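Visitor: I am new to this structure. Please choose one part, take me through it closely, and then show me what surrounds it.

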Amino acid sequence: MTDALVPAWSEPFSAAARDRLTRLPPLETIDRDWAFGGATGRGVRVAILDSGLESDHPALHGRVAESVAVELDKAGEPHVVADDHGDLFGHGTACGGIILGLAPEAELVSVRVLGSDLRGKGPAFAAGLEWALEHGVRVANLSLSSKSEAMFGVFHELADAAYFRNVLLVCAANNVPGPSYPSLFSSVLSVAAHDEPDPWRFYYNPSPPVEFGAWGVDVPIAWRDGGMTVATGNSFAAPHMAGLAALLASKHPGLTPFEAKAILAAVADNPRR
Amino acid sequence: MTTPTPDPAELQVLRAAARRASIARRLQGDPETALLQSIVDATVTLFDAEAASIAIFERDPDRLEFRVAAGEQGAGAIGLSVAPSKGIAGFVFSTGQPLALSDVTSDPRFDRKTAERTGYVPRSIAAVPLVEQHGRGTVGVLQLLDKRSSPTFSLRDMELLGVFAAQAAAAIHATRIQRDLDELLHQALGRLAGDELDAAAIEAIVSAATDGLDPDEESPFWTLVDRLARLQSLGERELGLVGDLLEVLVRYAAPTRRRA
């Protein structure tokens with residue numbers, strides 16, 4: 001039998017390797033300055049799975065690196081193609097603007113999964129997420145979710161793939177009961193709205209499934225055709241957490257999703273225990 | 001060509017199902033519209049808003065059709081259809097994410113054309129998806145225009161609107177089951193008969209099953225059903241009493257029928 005067939009799960013813990021298993025500083029010494037201080041999001045690719053991005057919108061100040069769209073062929077098979085349709089609704093641009101408001105030098109990748117064909121939106125969304133995982137993004141903002149029970153397995157697998165590749169999936173929680181994937185999975189950062197008008201203010205909730213609360217009420221947002229408006233929804237809370245995640249990832253490149261969540265929980269605005 | 005007949009026992013079950021569905025339809029009138037209307041009425045009153053409306057997703061062509069509306073500025077929306085890929089209702093429908101926008105008229109993306117068709121252009125709008133719990137996913141959108149007391153919507157507003165949306169989704173689910181029964185009967189008959197029955201023959205069997213109820217709208221049977229429908233507003237005790245009286249009549253009728 002060759003060595004390649006033996007799962008080497010213990011290898012990282014062998015005498016030769018375990019010195020490389022570095023750990024976080026003690027949580028009580030971690031503060032916001034340690035987490036985000038001086039970070040700009042530089043070097044971090046953030047995917048926005050949404051309605052597209054209006055790349056010349058002033059709020060996105062030239063930070064859109066790539067735009068793709070998922071299209072379904074006649075057989076319902078999804079294909080990822082280059083996209084020059086901008087933003088069909090304005091919603092993706094709103095999320096991008098919020099992220100850049102916190103992490104101005106992050107690089108945005110638009111993955112448009114909303115389009116005119118509604119028949120295959122679950123599979124299109126999954127294909128877009130899979131594409132993002134394969135194209136070097138570090139954070140993905142998902143201000144949408146699939147309500148289809150049939151998509152459970154597909155999204156579960158993608159959420160695990162993201163977790164193992166150190167990609168932080170930041171998902172808007174859905175207030176509507178019933179399936180909502182991947183926002184209900186434990187590995188993602190699931191976010192709901194609070195109403196304090198401060199993009200830096202966020203809370204950790206120790207009672208999942210929704211683990212984080214960020215600003216999502218009366219948020220001034222970028223909207224289509226270079227416009228601005230004011231909006232409310234968990235959709236706008238998620239990109240606040242995605243922006244903070246981008247800052248964290250740019251300052252501490254090797255962090256795993258597990259560590260990132262622990263740090264965010266440690267520096268949240270909750271009262272100290 | 002002789003029309004092959006499905007198994008008599010199975011056909012019997014299907015006939016019974018068709019009969020029950022017809023009677024239920026007659027008893028309940030159009031419960032979907034009535035329930036949805038009561039939901040938008042309650043929504044507009046509770047929020048003190050200019051308008052509330054519900055749009056339902058329909059296919060061929062794909063569209064969101066405004067079925068019911070309430071409020072001083074609501075009436076113009078009824079019957080309008082919008083593309084499910086457009087506007088705020090379309091976005092909420094496609095993503096399943098509740099959303100509120102204020103100052104929408106200054107938002108260039110706002111579908112002014114649709115708003116003008118309704119005769120009313122709002123300043124603020126909140127929309128939540130109608131999500132069916134078992135299988136169908138998002139089936140429509142509940143929309144609220146211009147809360148009078150505030151230019152924006154709070155978290156509580158959004159949650160409350162979500163509760164109304166859940167009610168609407170449940171109402172749609174319940175009545176769709178009934179509406180789908182005819183289709184189901186066709187499918188079941190088609191399967192029972194294999195390839196031997198064509199569509200017209202299946203249609204003939206289904207209508208034979210339902211028509212067996214007495215096609216005459218004025219027949220004593222339907223008059224009785226209509227009377228029963230009016231009893232629905234009664235309380236539990238009164239309904240119990242009516243049930244007891246009917247039971248006595250049924251017992252009386254049974255030997256009478258044998259004698260006949």
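Guide: What follows begins with one strand and then moves outward to the rest of its chain and to the partner chain.

Keep in mind that this is a predicted model. The part to look at is strand β6 of chain A, which covers residues 168-172. How many of its 5 residues are buried? The count is 5 of 5, so this strand is mostly covered.

Now look at which way the side chains go. A:Leu168, A:Val170 and A:Ala172 point one way from β6(A). A:Leu169 and A:Cys171 point the other way. Residues on both faces are buried.

Next come the neighbours in the sheet. Which strand do 4 bridges join to β6(A)? It is strand β5 of chain A, residues 139-142, and the two run parallel. To find the pairing by eye, start at A:Ala140, whose bridge partner in β6(A) is A:Leu169. Follow the chain from β5(A) and you pass through helix α4 of chain A, residues 152-164, before you reach β6(A). This β-α-β crossover is right-handed.

β6(A) also pairs with β7(A). Here 3 bridges join the strands, and they too run parallel. A good marker is A:Cys171, with A:Ser190 as its bridge partner in β7(A).

Follow the chain on past β7(A). A loop runs between β7 (189-194) and β8 (202-204) of chain A, and A:Asp198 lies in it. Is A:Asp198 buried or exposed? It counts as exposed because it has 11 C-beta neighbours inside 10 Å, and the cut-off for exposed is 12 or fewer. For a sense of distance, take A:Ile221, 23 residues away along the chain. The C-alpha atoms of A:Asp198 and A:Ile221 are separated by 13 Å.

Another loop gives a contrast. A:Ala103 sits between α2 (91-102) and β4 of chain A. A:Ala103 counts as buried because 28 C-beta neighbours fall inside 10 Å, where 20 or more are needed. Which residues does A:Ala103 touch, leaving out those up to four places away in sequence? They are A:Thr40, A:Gly41, A:Gly243, A:Ala246, A:Leu247 and A:Ser250. A:Leu49 is 54 residues from A:Ala103 along the chain, and their C-alpha atoms are separated by 18 Å.

The strand after that loop, β4(A), spans residues 107-112 and pairs with β2(A), residues 64-72. The sense is parallel, over 5 bridges. Find A:Glu66 and you can find A:Val109, its bridge partner in β4(A). β2(A) has another pairing, this one antiparallel, with β3(A), residues 78-82. That pairing also has 5 bridges. A:Glu71 stands opposite A:His79 there. β2(A) and β3(A) form a hairpin with 5 residues between the strands. In it, A:Gly76 takes a positive phi near 85°.

Step back to chain A as a whole. It has 6 helices and 11 strands. Buried residues make up 54% of its 273 residues. Among its contacts between residues at least 6 apart in sequence, 71% join residues at least 24 apart. Its C-alpha atoms fill a box of roughly 60 × 50 × 35 Å along the principal axes. What radius of gyration does chain A have? It has 19 Å, and a compact globule of 273 residues would be near 19 Å, so the two agree.

Last comes the partner. Chain B has 9 helices and 6 strands. Of its 260 residues, 32% are buried. In the contact between the chains, 32 residues of chain B meet 35 residues of chain A. Elements of chain B that each supply at least two residues to this side include α3 (87-95), β5 (124-132) and α5 (155-179). By class, the chain B side has 13 nonpolar, 14 polar and 5 charged residues.

Strand pairing crosses between the chains as well. Strand β11 of chain A, residues 228-232, is joined to β4(B) by 3 bridges, and the two run antiparallel. To see it, look at A:Val230 and its bridge partner in β4(B), B:Ser102.

Methods. Residues numbered from 1 in each chain as written. Chains lettered and ligands numbered in written order. Predicted model: local features only at pLDDT ≥ 70, side-chain atom pairs only at ≥ 80, totals over all residues. Pairing = 2+ DSSP bridges. Contact = placed C-beta atoms within 7 Å. Nonpolar A, V, L, I, M, F, W, Y, C, P; charged D, E, K, R; others polar. Rg over C-alpha atoms; globule rule 2.2 N^0.38 Å. Right-handed = clockwise from strand over helix to strand, strands pointing away.
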